[in-house]
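User: Could you take a close look at one part of this model for me? I would like to follow a single residue and its surroundings, and then see how that part sits in the rest of the chain.

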Amino acid sequence: QALYKTYTTGITWVDALNGTVRPVIAYAFFILYASVKLLAYNALPDVGVPFVVVYDTLWTQDDAAIFAGIISFYFGQRAMSKVRGRK
């Protein structure tokens, strides 16, 4: 609880801005990631490449690891907090 007390300043707009930093950065990186993948898709040759090849090119094991890490961080943290009895 002492750690979270540092996040409140008593100034409403500062506290509200402080609460938006992590979500805004997360959304910005998602938009950047999606843009890179879209550009990679558009860069593929348009000669009837099978879907499996496109899928393997755009969704690699690294992408799966990044996705799993992000999902487990956001949703796993919430679930573990409930298990421990915190909100």
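Analyst: Happy to! Let's start from F67, which is partly exposed at a relative accessible area of 48%. Please keep in mind throughout that this is a predicted model.

The ring of F67 has a partner. Two aromatic pairs are found in the structure. In one of them, the ring centres of W59 and F67 are 5.9 Å apart and the ring planes stand at 70°, so this pair counts as edge-to-face, the class for planes over 60 degrees apart. W59 is partly exposed as well, with 33% relative accessible area.

Both residues also belong to something wider. W59 and F67 are members of a nonpolar surface patch of about 1100 Å², together with F51, V52, Y55, I66, I70, I71, F73, Y74 and F75. Two helices each bring at least two residues to this patch: helix 3, spanning 51-58, and helix 4, spanning 61-84. The biggest contribution comes from helix 4, which gives seven residues. On the helix 3 side, F51 is a good residue to look at: F51 sits in that helix and is exposed, with a relative accessible area of 64%. For context, the accessible surface of the whole protein chain is about 7900 Å², and carbon and sulfur atoms account for 69% of that area.

Now stay on helix 4 and move to D63, which is part of this helix. What is the burial state of D63? With a relative accessible area of 6%, D63 falls under the 20% cut-off and is therefore buried. Buried residues make up 5% of the 87 residues in the chain.

Which side chains does D63 meet? One is K37: the two side chains form a salt bridge, with an N to O distance of 2.8 Å. Since K37 lies in helix 2 (residues 12-43) and D63 in helix 4, the bridge ties together parts that are 26 residues apart in sequence. In general, side chains of opposite charge can pair when their charged atoms come close. K37 counts as partly exposed, at 23% relative accessibility, whereas D63 is buried. A search of the whole structure finds one salt bridge. The other side chain is that of Y33, which makes a polar contact with the side chain of D63 at 2.5 Å.

Helix 2 also offers a local detail at T20, a residue of that helix. A polar atom of the T20 side chain lies 2.7 Å from the backbone oxygen of L17. T20 itself is partly exposed, with a relative accessible area of 34%.

Stepping back, the chain has four helices and zero strands, which read along the sequence as α-α-α-α.

How far can you lean on these details? The mean pLDDT of the chain is 81, and 89% of its residues reach 70 or more. Confidence is highest in helix 3, at a mean of 86, and lowest in helix 1 (residues 2-5), at a mean of 60. Where pLDDT is low, the predicted coordinates should not be read in detail.

To pull the close-up together: F67 and W59 form an edge-to-face pair and both take part in the nonpolar patch, while D63 bridges to K37 and contacts Y33.

Note on methods
Residues are numbered from 1 along each chain as its sequence is written. This is a predicted model: local features need pLDDT of at least 70, side-chain atom pairs count only at pLDDT 80 or more; totals for chains, interfaces and linings use all residues. Side-chain values use heavy atoms; hydrogens and water are left out. Buried means under 20% relative accessible area, exposed over 50%, partly exposed in between (1.4 Å probe, protein chains only). Accessible areas come from the Shrake-Rupley method with a 1.4 Å probe; for residues, only the protein chains shown count as cover. Patches are made of residues with over 30% relative accessible area and no salt bridge: like charges are joined within 9 Å, nonpolar side chains (Val, Leu, Ile, Met, Phe, Trp, Tyr) within 5 Å. A salt bridge is a side-chain nitrogen of Lys or Arg within 4 Å of a carboxyl oxygen of Asp or Glu. pLDDT is the predictor's confidence in each residue, from 0 to 100. Rings of Phe, Tyr and Trp (its six-membered ring) pair if their centres lie within 6.5 Å; planes under 30 degrees apart count as stacked, over 60 as edge-to-face and the rest as tilted. A polar contact is a pair of N or O atoms within 3.5 Å; within protein, one must be able to donate a hydrogen and the other to accept it, and residues adjacent in sequence count only if both atoms are side-chain atoms.
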